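Student: I am new to this structure and would like to learn how to read its features one at a time. Could we begin with a helix and work outwards from there?

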Amino acid sequence: MKKTAKNIVLAAAAMLAFTVPAQAFDKYSINRSDLPETAQEFLTEYFPKARVSMVKTDKHLLKKTDYDVKLVNGTKIEFNNAGNWTTVDCKTREVPSSLVIKPIRNYIKKNFPDTFVVKIEKKSLAYEVELNDGVELKFDRLGTFKSMKMDD
């Protein structure tokens, strides 16, 4: 019985040792200069007038760093360790159309003419797009339509 209790305490201590340091790697700031150059250029090009309300630098154990940026207008942008965008979520506003590759823009214009993109996520092999009416669309990396999900 004593061994079991001791093992539980040791297991809990080991878990705590791995979770607390991971949280200590997060850093918060409001300075664009805390972002990689590529991410700073992205903000200047696509959101030139927007002010940054928060930059979260998320360091992972394998030395990989991600950046989460929140703008004062509510837009959230996620960048990978190289400073390339992975997600742009403008909530109810339109994502800058030049962020959406032309085949996807054309598909949406043809099939959903009265809508616009409010969120786009760039994955390794695909794009996921959310329209202002709640419809979610998936495309391959070249912009070929793959699937659709309607808001319930």
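Tutor: Let us start with helix H2, bearing in mind that this is a predicted model. The buried residues of H2 are Ala39, Phe42 and Leu43, and they lie on the same side of the helix because the arc they cover around its axis is only 95°.

Student: Why do residues three or four places apart point the same way?

Tutor: An α-helix has 3.6 residues a turn, so residues with that spacing point the same way. In this structure, the other side of H2 carries Glu37, Thr44 and Glu45, which are exposed.

Student: What covers the buried residues of H2?

Tutor: The cover includes strands S2, S3, S4 and S5. Helix H2, which spans residues 37-46, lies across these strands and runs at about 150° to S4.

Student: Which residues does Leu43 touch, leaving out those up to four places away in sequence?

Tutor: Leu43 touches Arg32, Leu35, Pro48, Val52, Val69, Leu71, Ile77 and Phe79. The largest nonpolar core has 30 residues, and within this core Leu43 and Val88 are the ones that touch the most other members.

Student: What is the order of the strands in the open sheet?

Tutor: The sheet has nine strands in the order S1-S2-S3-S4-S5-S6-S7-S8-S9, and their pairing is antiparallel. Its edge strands are S1 (27-29) and S9 (145-149), each of which pairs on one side only. On average, neighbouring strands of this sheet are turned by 15° against each other, with direction ignored.

Student: How should I read the pairing of two particular strands, and how many bridges do S3 and S4 form?

Tutor: A pairing can be read from its sense, its number of bridges and the residues that stand opposite each other. S3 and S4 (residues 76-79) pair in the antiparallel sense over four bridges, and Val69 stands opposite Ile77 in S4. Both Val69 and Ile77 are also among the residues that Leu43 touches.

Student: How many bridges join S5 to S6, and how many pair S6 with S7?

Tutor: Strand S5 (residues 85-89) and strand S6 (residues 117-122) run antiparallel and are joined by three bridges, with Asp89 opposite Lys119 in S6. S6 pairs in the antiparallel sense with S7 (residues 126-131) over five bridges, where Tyr127 in S7 is the bridge partner of Lys122. A hairpin of three residues joins S6 to S7.

Student: Is Thr65 buried or exposed?

Tutor: Residues under 20% relative accessible area count as buried. Thr65 is therefore buried, as its relative accessible area is 11%. Thr65 is placed in strand S3 (residues 65-71), and, leaving aside neighbours within four places in sequence, Thr65 is in contact with Thr57, Asp58, Lys59, Asn80 and Asn81.

Student: What pattern does the whole protein chain follow along the sequence?

Tutor: The pattern is α-β-α-β-β-β-β-α-β-β-β-β, made from three helices and nine strands. Of the 152 residues in the protein chain, 32% are buried.

Student: Where does pLDDT stay under 50?

Tutor: That holds over residues 12-24, for which the model has two contacts beyond four places in sequence. For the protein chain, the average pLDDT is 85, and 80% of the residues score at least 70.

Notes: Residues are numbered from 1 along each chain as its sequence is written. This is a predicted model: local features need pLDDT of at least 70, side-chain atom pairs count only at pLDDT 80 or more; totals for chains, interfaces and linings use all residues. Side-chain values use heavy atoms; hydrogens and water are left out. Two strands pair if DSSP finds at least two bridges between them. A nonpolar core is a set of buried Ala, Val, Leu, Ile, Met, Phe, Trp, Tyr and Cys residues joined through side-chain atoms within 4.5 Å. Buried means under 20% relative accessible area, exposed over 50%, partly exposed in between (1.4 Å probe, protein chains only). Contact means heavy atoms within 4.5 Å. Axes are lines fitted to C-alpha atoms, for helices over the stretch in contact, and angles run from 0 to 180 degrees between N-to-C directions. The arc is that of the directions from the helix axis to the C-beta atoms. pLDDT is the predictor's confidence in each residue, from 0 to 100.
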